[in-house]
Amino acid sequence: MRYHGSCHCGRVAFDVEGELGQVLECNCSHCSRKGYLLWFLPRDRLELATPEDAMGSYTFNKHVIQHRFCPQCGCAPFALGTKPDGTPVAAINVRCLEGVELATLQRVPVDGRSY
Ligand SMILES: [Zn+2]
(Lines give C-alpha, C1' and ligand atoms only; values in the text may rest on other atoms or scores of the structure.)
Protein backbone atom coordinates (compact mmCIF):
# COMPACT_ATOMS: atom_id res chain seq x y z
CA MET A 1 0.00 0.00 0.00
CA ARG A 2 1.18 3.48 -0.83
CA TYR A 3 0.56 6.37 1.52
CA HIS A 4 0.94 10.07 0.93
CA GLY A 5 2.21 12.18 3.78
CA SER A 6 2.88 15.83 4.37
CA CYS A 7 3.29 18.52 6.98
CA HIS A 8 0.33 20.80 7.61
CA CYS A 9 1.25 23.53 5.13
CA GLY A 10 2.40 21.08 2.44
CA ARG A 11 5.98 22.30 2.13
CA VAL A 12 7.20 18.87 3.23
CA ALA A 13 5.63 16.07 1.21
CA PHE A 14 6.45 12.41 0.71
CA ASP A 15 5.15 8.96 -0.16
CA VAL A 16 5.64 5.76 1.77
CA GLU A 17 5.26 2.20 0.53
CA GLY A 18 4.51 -0.63 2.94
CA GLU A 19 1.97 -2.50 5.03
CA LEU A 20 0.98 -0.39 7.98
CA GLY A 21 0.10 -2.60 10.93
CA GLN A 22 1.42 -1.47 14.26
CA VAL A 23 2.96 1.77 15.39
CA LEU A 24 5.27 2.60 18.25
CA GLU A 25 4.19 5.06 20.91
CA CYS A 26 7.21 6.09 22.92
CA ASN A 27 7.04 7.88 26.27
CA CYS A 28 10.45 9.61 26.09
CA SER A 29 10.74 13.35 26.62
CA HIS A 30 10.84 14.04 22.88
CA CYS A 31 8.27 11.61 21.45
CA SER A 32 5.68 12.35 24.10
CA ARG A 33 5.90 16.08 23.47
CA LYS A 34 5.47 15.70 19.74
CA GLY A 35 2.85 12.97 20.01
CA TYR A 36 4.66 10.73 17.55
CA LEU A 37 3.04 7.49 16.44
CA LEU A 38 5.94 5.92 14.60
CA TRP A 39 6.07 3.40 11.79
CA PHE A 40 9.59 2.09 11.20
CA LEU A 41 10.57 0.88 7.77
CA PRO A 42 13.60 0.72 5.49
CA ARG A 43 14.74 4.16 4.35
CA ASP A 44 14.23 3.29 0.68
CA ARG A 45 10.45 2.95 1.25
CA LEU A 46 10.30 6.67 1.87
CA GLU A 47 10.18 8.82 -1.25
CA LEU A 48 10.70 12.51 -0.60
CA ALA A 49 9.04 15.15 -2.75
CA THR A 50 10.87 17.86 -0.82
CA PRO A 51 14.62 18.47 -0.94
CA GLU A 52 16.26 17.49 2.34
CA ASP A 53 17.77 20.95 2.80
CA ALA A 54 14.27 22.51 2.74
CA MET A 55 13.50 20.80 6.04
CA GLY A 56 14.69 21.44 9.53
CA SER A 57 16.51 18.76 11.45
CA TYR A 58 16.56 18.18 15.19
CA THR A 59 18.85 15.77 17.00
CA PHE A 60 19.41 15.02 20.67
CA ASN A 61 20.86 12.39 22.98
CA LYS A 62 23.36 10.46 20.83
CA HIS A 63 22.45 12.46 17.72
CA VAL A 64 21.97 9.33 15.65
CA ILE A 65 18.38 10.11 14.63
CA GLN A 66 17.52 13.18 12.57
CA HIS A 67 14.02 14.36 13.37
CA ARG A 68 12.95 16.28 10.31
CA PHE A 69 10.38 19.03 10.51
CA CYS A 70 8.82 21.78 8.45
CA PRO A 71 10.35 25.19 9.19
CA GLN A 72 7.09 26.83 8.11
CA CYS A 73 4.33 25.03 10.05
CA GLY A 74 6.39 23.05 12.56
CA CYS A 75 5.01 19.57 11.85
CA ALA A 76 7.46 16.70 12.28
CA PRO A 77 6.36 14.04 9.78
CA PHE A 78 9.33 11.64 9.98
CA ALA A 79 12.79 10.88 11.28
CA LEU A 80 15.82 9.31 9.63
CA GLY A 81 18.46 7.15 11.19
CA THR A 82 20.48 3.97 10.94
CA LYS A 83 20.17 0.65 12.70
CA PRO A 84 23.16 -0.59 14.73
CA ASP A 85 24.23 -2.63 11.68
CA GLY A 86 24.26 0.51 9.54
CA THR A 87 21.02 -0.09 7.63
CA PRO A 88 19.22 3.22 6.92
CA VAL A 89 15.76 3.42 8.47
CA ALA A 90 12.90 5.86 8.39
CA ALA A 91 10.42 6.41 11.19
CA ILE A 92 7.20 7.83 9.81
CA ASN A 93 4.86 9.77 12.05
CA VAL A 94 1.61 8.18 10.85
CA ARG A 95 -0.34 11.19 12.10
CA CYS A 96 0.99 12.97 9.02
CA LEU A 97 -0.25 10.33 6.55
CA GLU A 98 -3.46 10.67 4.58
CA GLY A 99 -6.14 8.00 4.75
CA VAL A 100 -4.97 6.41 7.98
CA GLU A 101 -7.58 5.67 10.64
CA LEU A 102 -5.54 6.09 13.80
CA ALA A 103 -8.05 4.23 15.97
CA THR A 104 -7.58 1.05 13.93
CA LEU A 105 -3.81 0.87 14.43
CA GLN A 106 -2.24 -1.31 17.06
CA ARG A 107 -0.20 0.96 19.33
CA VAL A 108 2.86 -0.66 20.86
CA PRO A 109 4.09 1.20 23.93
CA VAL A 110 7.86 1.80 24.08
CA ASP A 111 9.41 2.81 27.37
CA GLY A 112 11.94 5.22 25.90
CA ARG A 113 11.87 7.29 29.07
CA SER A 114 13.76 4.58 30.95
CA TYR A 115 16.61 4.26 28.45
ZN1 LIG B 1 4.70 22.77 6.78
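In this predicted model, histidine 30 is located in helix H1, which spans residues 29-34. Histidine 30 counts as partly exposed, because 16 C-beta neighbours lie inside 10 Å, and a residue is called exposed at 12 or fewer and buried at 20 or more. Two positions far along the chain were compared with histidine 30 in space. Proline 77 is 47 residues from histidine 30 in sequence, and the C-alpha atoms of the two are 14 Å apart. Phenylalanine 60 is 30 residues from histidine 30 along the chain, with a C-alpha to C-alpha separation of 8.9 Å.

Phenylalanine 60 belongs to the loop between S6 and S7. This residue is exposed, because 10 other C-beta atoms are found within 10 Å and the limit for that class is 12 or fewer. Asparagine 61 is placed in the loop between strand S6, residues 56-58, and strand S7, residues 66-69. The count of other C-beta atoms within 10 Å is 11 for asparagine 61, so asparagine 61 is exposed. Histidine 63 is likewise part of the loop between S6 and S7. With 9 C-beta neighbours inside 10 Å, histidine 63 is therefore also assigned to the exposed class.

The backbone of this loop was examined next. Most residues other than glycine have a negative phi. Asparagine 61 has a positive phi, near 55°. Histidine 63 also has a positive value, with phi near 60°. Neither asparagine 61 nor histidine 63 is a glycine.

The nonpolar interior was considered separately. The largest nonpolar core holds 25 residues, and among these Leu38 and Ile92 touch the most other members. Two or more residues of this core are supplied by each of strand S2 (13-17), strand S3 (22-26), strand S4 (38-42), strand S8 (78-82) and strand S9 (88-93). Strand S9 gives the largest share, 3 residues. Isoleucine 92 is in contact with Gly5, Val16, Leu38, Trp39, Leu46, Phe78 and Leu97, when residues up to four places away in sequence are not counted. Leu38 is thus named twice: as a partner of isoleucine 92 and, together with Ile92, as one of the two core residues that touch the most other members.

Terms used:
Residues numbered from 1 in each chain as written. Predicted model: local features only at pLDDT ≥ 70, side-chain atom pairs only at ≥ 80, totals over all residues. Helix = DSSP H or I, 4+ residues; strand = E, 2+ residues; numbered from the N terminus. Core = buried A, V, L, I, M, F, W, Y, C linked by C-beta atoms within 7 Å. Contact = placed C-beta atoms within 7 Å.
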